[in-house]
Amino acid sequence: VSGRYDLALVDLNKALELSAYNAVAYYYRAMLYFDTGRYKAARTDMNDAVRIAPEEPELRCFRGDVNRAEGYYDWARADYDKALELSPRYADAFDKRGSLYLERGNGLAAINDFTEAIEINPRFARAYYNRGNAYLEQGNYADARKDFTRVISLNPAYHQAYYKRATVDLVQGKYEQVIADCTIAINLNEGYKDAYLLRAEA
């Protein structure tokens with residue numbers, strides 16, 4: 001992986017050396033930096049990408065991700081807002097802004113954004129998962145369980161959804177279901193420590 005990363009970085013550096021006015025190259029290089037935790041470098045590249053192509057919602061959305069990772073929450077919110085202004089049916093931007101709201105303690109706004117994402121794309125498993133987490137934080141176990149179950153129906157390999165559904169069932173004393181879901185989560189991801197702990201608790 002590191003070898004492919006290095007080769008990709010060399011190619012992107014060369015592309016930008018040949019043409020500095022290349023938003024896509026800045027974007028791709030920013031994604032490489034982001035994936036390796038080099039957030040400051042990623043933000044610098046995304047600022048250049050947005051400067052070159054300010055009307056591209058995908059660029060705004062990803063810069064929001066970078067700003068959020070660095071803890072610049074107001075800037076991240078502004079980028080997600082702008083992405084949605086440019087593309088009002090951008091499900092991914094609704095989901096990401098909702099995740100930001102949830103992280104910052106605004107559960108109701110988060111649920112609204114996740115719901116918007118789901119209405120745009122009814123098969124958006126991550127949005128159901130995130131909305132389930134928001135419901136869970138509010139103690140709305142019935143709706144949380146429905147959303148985690150929907151995630152599993154859309155993507156049976158989504159191991160975190162089994163764990164979160166088991167979390168709901170533990171609160172409600174459904175221990176056999178907790179054990180069953182944790183076992184599936186562990187079978188899907190043998191290194192899933194939290195699922196082992198939850199299964200032991202049941």
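**Packing of helices α5 and α6 in an all-helical model**

The crossing of α5 and α6 is left-handed. The contact that underlies this crossing involves Y73, A76, R77, Y80, D81, A83 and L84 on the side of α5, and A93, F94, K96, R97, L100, Y101 and E103 on the side of α6. When the residues of this contact are sorted by class, 9 are nonpolar and 5 are charged, whereas no polar residue takes part. Two packed helices are described by the angle between their axes and the distance between the axes. For α5 and α6 the angle is about 155°, and the axes lie 9 Å apart. Because angles over 145 degrees count as roughly antiparallel, α5 is roughly antiparallel to α6.

These values, like those that follow, come from a predicted model. The secondary structure of the chain consists of 12 helices and 0 strands, so that the order of elements from the N terminus reads α-α-α-α-α-α-α-α-α-α-α-α. The C-alpha trace spans about 60 × 40 × 25 Å along its principal axes. The chain has 202 residues, of which 47% count as buried. Among contacts between residues at least 6 apart in sequence, 45% join residues that are at least 24 apart.

Helix α6 comprises residues 91–103, and the 18 Å from the first to the last C-alpha of these 13 residues is close to the 18 Å expected at 1.5 Å a residue. The helix is mostly covered, with 11 of its 13 residues buried. The buried residues of α6 are A91, A93, F94, D95, K96, R97, G98, S99, L100, Y101 and L102, and they pack against α4 (57–70), α5 (73–86), α7 (107–120) and α8 (125–138). Several of them, including A93, F94 and L100, also belong to the contact with α5 described above. After α6 comes G105, which has a positive phi, near 90°.

A comparable description can be given for α4, one of the helices against which the buried residues of α6 pack. At 1.5 Å a residue, the 14 residues of α4 should span 20 Å, and the end C-alpha atoms are indeed 20 Å apart, so the expected and computed spans agree. Helix α4 is likewise mostly covered, since 10 of its 14 residues are buried, namely P57, L59, R60, C61, F62, R63, G64, D65, V66 and N67. These buried residues pack against α2 (23–35), α3 (39–52), α5 and α6. Just after α4, G71 adopts a positive phi of about 90°.

Two individual residues outside these helices were also examined. E116 is placed in helix α7 and, at 35% relative accessibility, counts as partly exposed, because the partly exposed class lies between the limits of 20% and 50%. Although E116 and A91 are 25 residues apart along the chain, their C-alpha atoms are separated by 7.2 Å; A91 is among the buried residues of α6. D147, in contrast, is located in helix α9 (residues 141–154) and has a relative accessibility of 5%, so D147 counts as buried. When residues up to four places away in sequence are not counted, D147 touches Y128, R131, G132 and Y135.

Note on methods. Residues numbered from 1 in each chain as written. Predicted model: local features only at pLDDT ≥ 70, side-chain atom pairs only at ≥ 80, totals over all residues. Heavy atoms only, no water. Helix = DSSP H or I, 4+ residues; strand = E, 2+ residues; numbered from the N terminus. Expected span 1.5 Å × (residues − 1). Buried < 20%, exposed > 50% of the residue type's maximum accessible area, 1.4 Å probe, protein only. Contact = heavy atoms within 4.5 Å. Axes fitted to C-alpha atoms, helices over the stretch in contact; angles between N-to-C directions. Parallel < 35°, antiparallel > 145°, perpendicular 65-115°, else oblique. Left-handed = near helix turned anticlockwise from the far one by under 90°. Nonpolar A, V, L, I, M, F, W, Y, C, P; charged D, E, K, R; others polar.
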